[in-house]
Amino acid sequence: MSVTALRNRWQQLSEPVIRRLQAEKLREYLRRVVLPFSAHYRKLFQEHGLDAETFRTLEDLQRVPFTTKTDLLGTTAEPQRFKDFILVPEQAVLARRPETVLKALLHGRGSVRQGFESEFRPIFVTFTTGRSAEPTPFFFSQHDLDNLATAGRRLAEICAAKPEDRLLNTFPFAPHLAFWLAHYTGTAGGLLTLSSGGGKVMGTDGTLRHIRKLKPDVLIGMPTFIYHLLHQAAEEGMRCENLRRIVLGGEKTSLGLRQKLRDLALEIGATNLDVVATYGFTEAKLAWPECPFPHDQPSSGYHLYPDLGITEVINPQTGETVAPGQAGELVFTPLEARGSVVLRYRTGDYTDGGLTYEPCPYCGRSMPRLLGNISRRSEVKEMNFDKIKGTLVDFNELEHVLDNAPNIGAWQVELRKINDDPLELDELILHVQKINGADEERLTRDLNERCSARVEIHPNRVLFHTAEEIRILQGVGVALKEQKLVDHRPRVEVVKALTTTANAIACGAVQAGGGTS
Ligand SMILES: [Zn+2]
């Protein structure tokens, strides 16, 4: 079986065939695309005595050093390091290729030039969405946009969209992957698509007007925003009976939240609704979806595209690849990317279920799948959220606890210092919207117990809010992304400066004291 089968039969191959064809495709990709035209990897491979021929099996990929987010960040000496990762083709190398000569003979030089332009010239850019670091640009050529369209079409296919479906894309208008992938899911998937621009552009009211007009079958967007949207729709007594699929991205999605979305959908008359999640990141230039699954069963995981990239799961401490089904950090290597290219990219995201190649129990497709929950630890680290009251807190778990807790709708975790004094202890305030008319005292007790049991920390205070108040707290209609975790503690630098000042004063006092004795 040749490597083209990887593309044509991406959802029908067995593990040994996938691994063999991916290794073959990787070798070709390195030889023809990455090593001749990537300044960064040419140098890195030379330093490590590697070349394309090193890669005979997929295990050989482990010889390539990892690339991390930090490698792409600018430094004072090299402010634009992301540029080293952009492929810059050399005309001379391309011209020498036999197929170039043949194409020039058959179709003329103009056609050859056009082909190279379309393959390599960056024409589109998205940015990473990290909160503290400067956003890093990631470049696409037309070839990459074609692959993004392929990923969009497949997403529509796996989510079982029908050609007559109408899709409302509520991701914010932004140079971020999520918006564009949702756009291509509709357009390349052949669905009537309306992109509302999300809460910041249209507000919840504006988006609801679109729902009334379009009567979408499929809703795509971020979980928190869609929650508010459906909550308000239900409050206003709106009907949208034909809504049968919600596709979530941009944040993680718990089973409890899916149930809350289905309950709200029921209130607007959508009785047959599936909620599926996607997982993707800027550096992959695509995202992978779940397929619809029975509501009382677990998800069958994210369906990966073996022709577009290789996903590895590694032990984050040793860097070694773990066995199938084992938890670990996700590492991605593209097989078709042009423009910005990163190999063995460490995502900082963790899967607790690992990889499987077994055919999907629900849709029957045979492809690698990522099982279990994915936590984006990098984001939590970036916000210094991992340490509260001096204790290491698993915020991903805390989010799951809150999303799964019954009788609460939207929520927000706020960190402060007691009395706003930077030298005081951390304080965790939990803002919640209670639903189903629950008793506040009992709910507070229940939330405290759930938090203590699962994350070994409990909130200092639980404050109850109306849906509207929570919308304001989370910045619905104002922020690009609704805020579920906010840190109102003084910034570390401020604390350091204050501590230094305090120490200096103390030292001064000691010295002054010493001088008098
Ligand atoms: Zn499936």
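Is cysteine 240 buried, partly exposed or exposed? Select this residue to begin: at 2% relative accessibility cysteine 240 counts as buried, where buried means under 20% relative accessible area, exposed means over 50%, and partly exposed lies in between, with a 1.4 Å probe and protein chains only.

Before going further, note that this is a predicted model, in which local features need pLDDT of at least 70 and side-chain atom pairs count only at pLDDT 80 or more, while totals for chains, interfaces and linings use all residues. Residues are numbered from 1 along each chain as its sequence is written, and side-chain values use heavy atoms, with hydrogens and water left out.

**The cysteines**

If a disulfide is taken as a pair of cysteine sulfur atoms within 2.5 Å, the count comes to zero disulfides. Cysteine 240 is accordingly in no disulfide, and the nearest cysteine sulfur, which belongs to cysteine 159, is 17 Å away. Move next to cysteine 451, which is also buried, at 2% relative accessibility.

**The zinc ion**

Now select the zinc ion together with its protein donors, Cys291 (SG), His303 (NE2), Cys360 (SG) and Cys363 (SG), which lie 2.1 to 2.3 Å from the metal. Donors here are N, O and S atoms within 2.8 Å of the metal (3.2 Å for Na, K and Ca), and because water is not among the atoms, sites may look incomplete. The angles among the four donor atoms run from 103 to 119 degrees, and the site is tetrahedral; four donors earn that label if all angles lie between 85 and 135 degrees. Along the sequence, the donor residues follow the spacing C-x11-H-x56-C-x2-C. Colouring by accessibility separates two of these donors, since cysteine 360 is buried at 4%, whereas cysteine 363, at 30%, is partly exposed.

**A three-stranded sheet**

Next, show the open sheet in which three strands follow the order β9-β14-β13 with antiparallel pairing. Strands are DSSP runs of E with at least two residues, helices are runs of H or I with at least four, and both are numbered from the N terminus; two strands pair if DSSP finds at least two bridges between them. The edge strands, each pairing on one side only, are β9 (302-303) and β13 (355-356). Two bridges join β13 to the antiparallel strand β14 (residues 369-370), and threonine 356 has arginine 369 of β14 as its bridge partner.

**The nonpolar cores**

From β14, select leucine 370 and its surroundings: beyond residues up to four places away in sequence, leucine 370 touches Tyr279, Gly301, Tyr302, Leu304, Val313, Leu330, Thr351, Gly354 and Leu355, contact meaning heavy atoms within 4.5 Å. Leu370 is also among the residues with the most contacts inside the largest nonpolar core, which has 77 residues, and the others named with it are Leu30, Tyr41, Phe45, Trp288 and Tyr305. Such a core is a set of buried Ala, Val, Leu, Ile, Met, Phe, Trp, Tyr and Cys residues joined through side-chain atoms within 4.5 Å. Helix α2 (residues 15-37) gives the most to this core, with eight residues. A second, separate core of 29 residues includes Cys240, the starting point of this tour, along with Ile246, Ala270 and Ile470.

**Threonine 67 and serine 375**

Select threonine 67 in the loop between α3 (39-47) and α4 (69-72), where this residue is buried, with a relative accessible area of 1%. Its C-alpha atom is separated by 6.7 Å from that of valine 342, although the two residues are 275 apart along the chain. Leaving aside neighbours within four places in sequence, threonine 67 is in contact with Tyr41, Phe85, Val342, Leu343, Arg344, Tyr345 and Arg346.

Then go to serine 375 in strand β15 (residues 374-376), which counts as buried at 12% relative accessibility. With residues up to four places away not counted, serine 375 touches Gly348, Asp349, Tyr350 and Asn396.

**Two positive phi angles**

Most residues other than glycine have a negative phi. Alanine 160, in the loop between α8 (142-158) and β3 (166-169), has a positive phi near 60 degrees and is partly exposed at 35% relative accessibility. Finish at lysine 285, in the loop between β7 (274-281) and β8 (286-289), whose phi is likewise positive, at about 60 degrees, but which is buried, with a relative accessible area of 6%.

Terms used. Four donors count as tetrahedral if all angles lie between 85 and 135 degrees; four count as square planar and six as octahedral if opposite donors are over 155 degrees apart and all others between 65 and 115; anything else is irregular.
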